Amino acid sequence: MHPMTEALPDSLCYLDGTYTPLRDARISVLDRGFIFGDGVYEVVPIYGGAPFCFEEHMARLDRSLNELRIANPLTHAEWHSIAMRLIEASPTDERRAVQALYIQVTRGVAPREHAMPQGLVPTVFVMLNPMKPVPDAVRAKGVACVSAEDFRWQKAHIKSTSLLGAVLARQISVEAGAAETIMFRGEWLSEASSSNVWVVKDGTVSGPPKDELVLAGIRYGLIERICEEAGIPFSLRRIAREEVLRADELLLSSASKEVLPVVTLDGQPIGTGRPGPIFQAIDAGYRRAKERSALERGVTA
């Protein structure tokens, strides 16, 4: 047995209708998710034992599956039931903190051939992991990012398990000692390796449009609602590289980062080089959204 396998946690996971320790979970080597990356995934943040924006994540799962012509094997209620079973089975200290629910659906097992076989039974896998939130000190100081050309495929709106492009993009920032890689298709902003990017100029928050070139994160809708509540103008449009470089503020958003200020890009300061007032307002709104979600479910965020 590989030593890494022995180091895997024995936490409960769900695989094709069965709950089993994660280290014991097995799939066929002919699963199309393993052979082709022919599948999709979702990551749902869990605060204090309560899934956050669960229905929004389920709606995106539906959209991704539709793009791959895979019927959703479970209802939203069934997905929620699995999530709660795994949450309840997790250690108390982890349940009180922040967790990440990982959902993956692949086309299933078949002889290796590129064409999509009909009648396959999708492989369904769900696990729950502790999620390390960004420390408050880092959020207060802001992070450095680097830029790169977006060399990924033209269907970035699918939350596909084929993540080699994202892996290579993220490695660029790792080797540069930066928090993220912000990417451009030609002269237009797309997104970061595993985050969406927001540009603030003259008090307005702008992001790239929802199209096939960007994976519209769940925070797209959430940030729009927060901006509306705070009276901050919000727009989705094409954003030129020069606008990013001249932004007053630059923000990242994702399930794990929530909202994170970028203070330098390629070594050059963004705005004042410090987190700005729009970030502060959106961050406060994000915290209120988590508190409301927790109260609705009778838990503490």
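Strand 9, residues 188-192, is largely enclosed by the rest of the structure, because 4 of its 5 residues are buried. Bear in mind that this is a predicted model. The partner here is strand 8, residues 180-185, and the two run antiparallel, held in register by 3 bridges. One of the residues involved is Arg185, whose bridge partner in strand 9 is Trp188. The turn of this hairpin leaves 2 residues between the strands, and Gly186 takes a positive phi there, near 70°.

Two other residues have a positive phi without being glycine. Most residues other than glycine have a negative phi, so these two are worth a look. Asp202 has a phi near 50° and sits in the loop between strand 10 and strand 11 (204-207). Asp202 is exposed, with a relative accessible area of 67%. Glu258 has a phi of about 60°, but its place is in strand 14. At 9% relative accessibility, Glu258 counts as buried, since the cut-off is under 20%.

Now for the rings. Searching the whole structure turns up 7 aromatic pairs. One of them is Tyr41 with Tyr102: the ring centres are 5.7 Å apart and the planes meet at 20°, so the pair is stacked. Tyr41 belongs to strand 3 (residues 39-47) and Tyr102 to strand 5 (residues 98-106), so this contact ties together parts that are 61 residues apart in sequence. Tyr41 counts as buried at 13% relative accessibility. Phe125 joins in as well, as ring pairs link Tyr41, Tyr102 and Phe125 into a cluster.

Another pair is Trp198 with Phe234, and this one is tilted, at 5.7 Å centre to centre with 40° between the planes. Trp198 is in strand 10 (residues 196-201) and Phe234 in strand 12 (residues 234-236), so the pair ties together parts that are 36 residues apart in sequence. How buried or exposed are the two partners, Trp198 and Phe234? Trp198 counts as buried at 1% relative accessibility, while Phe234 is partly exposed at 21%.

Charged side chains also meet rings in this model. Here are two cases:

| Charged residue | Ring | Distance of charged end from ring centre |
|---|---|---|
| Arg85 | Tyr19 | 4.1 Å |
| Lys290 | Tyr47 | 4.5 Å |

In the first case the charged end of Arg85 sits over the ring of Tyr19, and in the second that of Lys290 sits over the ring of Tyr47.

What about the cysteines? The structure holds 0 disulfides. Cys145 is in no disulfide, and the nearest cysteine sulfur, that of Cys227, is 19 Å away. Cys145 is buried, with a relative accessible area of 1%. For Cys227, the closest cysteine sulfur is in Cys53, and at 15 Å that is too far for a bond. Cys227 is buried too, with a relative accessible area of 0%.

Next comes the empty space. Which residues lie nearest the centre of the largest pocket? They are Tyr41, Lys159, Leu163, Ala166 and Leu215, out of 40 lining residues. Tyr41 is the ring that stacks with Tyr102, so one residue turns up in both the aromatic pair and the pocket lining. The volume of the largest pocket is about 1,000 Å³. The elements giving two or more residues to its lining are strand 3, helix 3 (54-67), helix 7 (164-176), strand 9 and strand 13. Helix 7 gives the largest share, 5 residues. Strand 9 is the strand from the start of this report, with 4 of its 5 residues buried.

There are closed spaces as well: the count comes to 2 cavities of 30 Å³ or more. The largest cavity holds about 40 Å³ of space. Its lining includes Asp248, Glu249, Leu250 and Leu251, along with Pro261, Val262 and Val263. Ile270, Arg274, Pro275, Gly276 and Phe279 are also among the lining residues. Strand 13 (249-254) and strand 14 (258-265) are the elements that give two or more residues to this lining. Strand 14 is also where Glu258 sits, the buried residue with the positive phi of about 60°.

Conventions. Residues numbered from 1 in each chain as written. Predicted model: local features only at pLDDT ≥ 70, side-chain atom pairs only at ≥ 80, totals over all residues. Heavy atoms only, no water. Phe/Tyr/Trp six-rings, centres within 6.5 Å; stacked < 30°, edge-to-face > 60°. Buried < 20%, exposed > 50% of the residue type's maximum accessible area, 1.4 Å probe, protein only. Lys NZ or Arg CZ within 6 Å of the ring centre and 35° of its normal. Pairing = 2+ DSSP bridges. Disulfide = S-S within 2.5 Å. 1 Å grid on protein atoms, 1.4 Å probe; cavity = no way out; pocket = protein on both sides within 12 Å on 5 of 7 lines; lining within 4 Å. Points joined across faces, edges and corners; volume = space filled by probe spheres on them.
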